[in-house]
Amino acid sequence: MSSEEEASIDEQQEMQDTVVSPEKAEEAKLKARYPHLGVRPGGSDLLRKRLTKGQKYFDSGDYNMAKAKMKNKQLPTAAAEKTEITGDHIPTPQDLPQRKQSLVASKLAV
Amino acid sequence: MAGVGGGNDFQWCFSQVKGAIDEDVAEADIISTVEFNYSGELLATGDKGGRVVIFQREQESKNRSLSRGEYNVYSTFQSHEPEFDYLKSLEIEEKINKIRWLPQQNAAHFLLSTNDKTIKLWKISERDKRAEGYNLKDEDGRLRDPFRITSLRVPVLMPMDLMVEASPRRIFANAHTYHINSISVNSDYQTYLSADDLRINLWHLEITDRSFNIVDIKPANMEELTEVITAAECHPHQCNVFVYSSSKGTIRLCDMRAAALCDRHSKFFEEPEDPSSRSFFSEIISSISDVKFSHSGRYMMTRDYLSVKVWDLNMENRPVETYQVHEYLRSKLCSLYENDCIFDKFECCWNGSDSAIMTGSYNNFFRMFDRNTRRDITLEASRENSKPRAMLKPRKVCTGGKRKKDEISVDSLDFNKKILHTAWHPKENVIAVAATNNLYIFQDKMN
């Protein structure tokens, strides 16, 4: 068999594959878009990504800053604080500012 | 087709929906787990914000026989908070991955809730009496002047408004290097297992400072890693047996009597694959996202990306039943890989009699399969169908060119509306379906 004929038989097989299997057609699509995609998808890379899921921060300070930013966005604006009492007299429980509710209740529990 | 289940046709009707209606869903409000307790009286949900909400079914009263017991909020608490892993500089999410109830042994209710790293045992108890008539303090709590007390009295228990308190009784921490995906209470009601990507640990409910490692699939060289543990469950009756599923679509059944470390399985369940049909996506879509034993303990069910399979524990070489959940997605795998939907982890559940199974899909659709009649139905959790006791209409996805009137085409499906978590009441035909930040409860008309 000449190489030309061999090539066309391969092509035919490929075409048949895509017609028979929608999965293979999808695979061809993916490879066309990402030609450098690894040959073994279920291999170490994918699994390693899964094992280390979660956002990495530079350090705990970075983490706490990010959390504070998010909290300010999420919480409703706090009620106006009572005027600060400094050194005037020993405060009673009524004088102390209300502790900010750090956690918002679930909307399912409404 | 009117309905699914047993010998009769069941007709699913809307009962309740919980949660906010806003378009803008806060990440913390996304429901991450749903679980009925053993009697079905209580229904617990966990969310990405680390909160647990427990609903209780109303007692049915004689004069309201038409409206079956509704679920109302019983208790809510913050189970887990976000933490920071200083060693790895990684955030530990507060998201509740799983809730599992313990069987009720006294007046209080107990449940286990877990995030990626820490499992907690919560006690939920009722208080409907309080002591009044103390000698040393007034009713408002202020101490009485001891010189003004002239007589002794015995405090009396008086009824008070019901208060439901949740308190953490045990905290099982620092036993998992990787992310916990499953917890399962053993039938001995004394131990439970917790599974992460590479290891499974066995705990005693009373002991928090140590646990036994019973499965460890971490390779010596991480470069050789080929599969991870995706789910695990204890057998419902045999306290020595448990199963775990993998990202390669296999299930291993282990017997704790055989060895202390169950790295060698007793049974290995895998469906043979046709090598000619293998593609880039094959392994990814074969990854099992959930495994559940039947109530009878004779079968187990696994959920992979496109199907649900029922396995007979006595037959390892193939499942006895396979149900296609959304086969029409097979020709969309490329885009589902690009938008990461192909990694969505759907759960599945049995009904109380093991005659039907349910699992979720996209577009807020969920599917039910009757194992006896082999009929299936697609239903939708939507606020458009939320008139009380409104019957749910079956939905259909059209794959071909010609779309019939009520059908929806594959390309119109909303892949952000995923139903990953569903639960079926252990005894009745009542189901809970989590649709992002809303919880839907449906009941069978004839219940």
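**Exercise 1. Place B:Ser89 in chain B of this predicted model, and decide whether B:Ser89 is buried or exposed.**

Step 1: Start with the location. B:Ser89 sits in the loop that links strand 6 (83–85) to strand 7 (90–92) of chain B.

Step 2: Check the backbone. The phi of B:Ser89 is positive, at about 55°, although this residue is not a glycine.

Step 3: Now the cover. The relative accessibility of B:Ser89 is 15%, and the cut-off for buried is under 20%. So B:Ser89 counts as buried.

**Exercise 2. Do the same for B:Asn174: in which loop is it found, and is it buried or exposed?**

Step 1: Look between strand 11 (156–172) and strand 12 (182–185) of chain B; B:Asn174 is in that loop.

Step 2: Here too we have a residue that isn't a glycine, with a positive phi of about 65°.

Step 3: B:Asn174 has a relative accessible area of 79%, and exposed means over 50%. That makes B:Asn174 exposed.

**Exercise 3. Work out which strands stand at the edges of the open sheet with the order 1-32-31-30 in chain B.**

Step 1: Take the order as given: 4 strands, with antiparallel pairing.

Step 2: Pick one pair inside it. Strand 31 (residues 430–435) and strand 32 (residues 438–444) of chain B run antiparallel and share 6 bridges. In chain B, Ala434 (B:Ala434) stands opposite B:Leu439 of strand 32.

Step 3: Go to the ends. Strand 1 (12–18) and strand 30 (421–424) of chain B each have a single partner strand, so one side of each has no neighbour in the sheet. Those are the edge strands.

Step 4: Add the twist. On average, neighbouring strands in this sheet are turned by 20° against each other, direction ignored.

**Exercise 4. Describe the largest nonpolar core and find which helix gives the most to it.**

Step 1: Count its members. This core has 24 residues, and B:Tyr305, B:Leu329, B:Leu336, B:Ile342 and B:Leu413 have the most contacts inside it.

Step 2: Find the contributors. Helix 1 (282–286) and helix 2 (333–338) of chain B each give two or more residues; helix 2 gives the most, with 4 residues.

Step 3: Zoom in on B:Ile342. Leaving out residues up to four places away in sequence, it touches B:Phe281, B:Ile284, B:Ile285, B:Tyr305, B:Leu333, B:Leu336 and B:Tyr337.

Step 4: Look elsewhere. Another core, of 18 residues, lies apart from this one; B:Ala356, B:Ala381, B:Val433 and B:Tyr440 are among its residues.

**Exercise 5. Sketch the fold pattern of chain A.**

Step 1: Chain A has 4 helices and 0 strands.

Step 2: Along the sequence, that reads α-α-α-α.

Conventions. Residues are numbered from 1 along each chain as its sequence is written. Chains are lettered from A and ligands numbered from 1 in the order in which they are written. This is a predicted model: local features need pLDDT of at least 70, side-chain atom pairs count only at pLDDT 80 or more; totals for chains, interfaces and linings use all residues. Side-chain values use heavy atoms; hydrogens and water are left out. Two strands pair if DSSP finds at least two bridges between them. Axes are lines fitted to C-alpha atoms, for helices over the stretch in contact, and angles run from 0 to 180 degrees between N-to-C directions. A nonpolar core is a set of buried Ala, Val, Leu, Ile, Met, Phe, Trp, Tyr and Cys residues joined through side-chain atoms within 4.5 Å. Buried means under 20% relative accessible area, exposed over 50%, partly exposed in between (1.4 Å probe, protein chains only). Contact means heavy atoms within 4.5 Å.
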